[in-house]
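Colleague: I'm new to this one. Could you walk me through some of the labels people put on it, and how each is earned?

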2 protein chains.
Amino acid sequence: MTINERGPEGDRSYAAVSERFSMPLDEAMLTQRAVRKVLPDPVDDEIVLRCIELALRAPTGSNGQNWEFVVVKDRSVLATFARRYRSAWRIYGGIGERVTAGDPSMSKILAAVEWQVDHFEEIPVVVVPCLRGAVRFAPFPTIAQTSHYGSIYPSVQNLLLAARAVGLGASLITLPLWSVAMARRALGLPLSVQPICMVPLGWPRGRYGPTTRRPVGEVVHLDTYGRQPWRGVERADSQGAAG
Amino acid sequence: MTINERGPEGDRSYAAVSERFSMPLDEAMLTQRAVRKVLPDPVDDEIVLRCIELALRAPTGSNGQNWEFVVVKDRSVLATFARRYRSAWRIYGGIGERVTAGDPSMSKILAAVEWQVDHFEEIPVVVVPCLRGAVRFAPFPTIAQTSHYGSIYPSVQNLLLAARAVGLGASLITLPLWSVAMARRALGLPLSVQPICMVPLGWPRGRYGPTTRRPVGEVVHLDTYGRQPWRGVERADSQGAAG
């Protein structure tokens, strides 16, 4: 069963696709997946803006809303990140191939990332969510990091879900940002603004199957780690809309 | 206009509320907000498990799925976190009051957190999302942190959205975790498992108004930071389902 339809073949304007944002929540979540192979065809700015507008409804620590979103469409900026992505992938992808040798689902993921690495300049839109302000949560340094990233990744997930609902291919990557200094230069970011991740967007090429996940009973613990009363319990509708 | 209805008054079983998980995606996002004042009434385990099951569909770095979710219902464990929350709040809340004096919307948030601090033991369920494995993304230390937290907060946002859809009050907090050693002891977590945040869940008390957000044109930059072509542009349906 394939669950991610190709983007609309005909009219891909905001007006033509906007009602898709009302996809049932559980269906959007159950059918979300990284879609890395996308067409070079342009994406209507209004669609991208609406996805980001929905991203802005996510929570931020102390309601700081200290986020900025750089929408990259300029080919030369993308080419700069493509070079960084390739140089990092030569190292990271090589490790991945050795570590995951013989695991067919990981091999598929690696092949899709490889495609993205090779075609990065052709991706029509890449959104770069950023945070203003350094990691700090004085007087509690132990939770400073988690509170910092907890103020941006919920919005990134809204962005990914909104893209999925409207039929846009999307994925969450960080590897092209491995040189933060280069990323700041390429995007004109001041030192006070940290690029957090990248979300390449485009109309999907081809079809995609469902994801697989560890069963909920295996990852849930009751009151104390290791106490797993729901382990092995078959849940009637555990596949939900993806079943 | 109030947008968060009270939880169902009568039957609050999974069977009675499960169709709410199919709320339109955009409506769930546009009406999401921190709901801290919750009733002590129990929440059906099946509902909590379904929220976590939907959380598990979010992406993780290299598809690691290295997450664990501790569901805390034990009053004595909650009392331990309540004490830590109170001691941290004496410091942090005091700073907050001085910094936000005269800002009515922040005063409301502070009052709601204060309520949560005072009633933490009465919250029926607190979910603690955790990550196995330390922050590491060799050979790229610069993106190790962001990749780490990017493997859990998307799932936390799914959890929050699922709770919102089904009518459960939820919020995202980190302050009770300021002593990571204490949190590990209270939850029986091995050193290899890091508690990331807490999501208190319960049926809402009272009604809640909509959130306010910076307009999308103010936070979006095109290709380079500071270039904001959509600044001041009024978007026709910018309020969407919340309008």
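Modeller: Happy to; we'll take the labels in turn, and keep in mind that this is a predicted model.

Colleague: Let's begin with A88(A). What makes A88(A) count as buried?

Modeller: The cut-off for buried is 20 or more other C-beta atoms within 10 Å. A88(A) has 20 C-beta neighbours inside 10 Å, so A88(A) counts as buried. You'll find A88(A) in helix 4 (residues 75–99) of chain A.

Colleague: And which residues is A88(A) in contact with, leaving aside its neighbours within four places in sequence?

Modeller: Those are L175(A), W178(A) and F140(B). Take L175(A): A88(A) and L175(A) are 87 residues apart in sequence, yet 6.8 Å apart in space, C-alpha to C-alpha.

Colleague: Over to chain B. Why is helix 3 of chain B called oblique to helix 7 of chain B?

Modeller: Look at the angle. Helix 3 (residues 45–55) and helix 7 (residues 153–166) of chain B pack at about 140°, with 7 Å between their axes. Roughly antiparallel needs an angle over 145 degrees, and roughly perpendicular covers 65 to 115, so a pair that fits neither of these, nor the parallel range under 35, is oblique. That is why helix 3 of chain B is oblique to helix 7 of chain B. As for handedness, the crossing of these two helices of chain B is right-handed.

Colleague: Which residues meet there?

Modeller: From helix 3 of chain B come I47(B), C51(B), I52(B), L54(B) and A55(B), and among those they meet in helix 7 of chain B are V156(B), L159(B) and A162(B). By class, this contact has ten nonpolar, two polar and no charged residues.

Colleague: What is I52(B) in contact with, apart from its neighbours within four places in sequence?

Modeller: The partners of I52(B) include L159(B), and also V216(A) and V220(A) from chain A. I52(B) is also one of the residues touching the most other members of the largest nonpolar core, which has 150 residues; the others are I52(A), V199(A) and V199(B).

Colleague: How do you know that helix 3 of chain A is mostly covered?

Modeller: Count the residues: nine of the eleven in helix 3 (residues 45–55) of chain A are buried. Among them are I47(A), R50(A), I52(A) and E53(A).

Colleague: Last one: how many residues does each chain bring to the contact between them?

Modeller: Chain A brings 75 residues and chain B brings 75 residues. On the side of chain A, helix 7 (residues 153–166) gives the largest share, seven residues. By class, that side has 48 nonpolar, 18 polar and nine charged residues.

Conventions
Residues numbered from 1 in each chain as written. Chains lettered and ligands numbered in written order. Predicted model: local features only at pLDDT ≥ 70, side-chain atom pairs only at ≥ 80, totals over all residues. Axes fitted to C-alpha atoms, helices over the stretch in contact; angles between N-to-C directions. Helix = DSSP H or I, 4+ residues; strand = E, 2+ residues; numbered from the N terminus. Left-handed = near helix turned anticlockwise from the far one by under 90°. Contact = placed C-beta atoms within 7 Å. Nonpolar A, V, L, I, M, F, W, Y, C, P; charged D, E, K, R; others polar. Buried ≥ 20, exposed ≤ 12 C-beta atoms within 10 Å, placed from the backbone. Core = buried A, V, L, I, M, F, W, Y, C linked by C-beta atoms within 7 Å.
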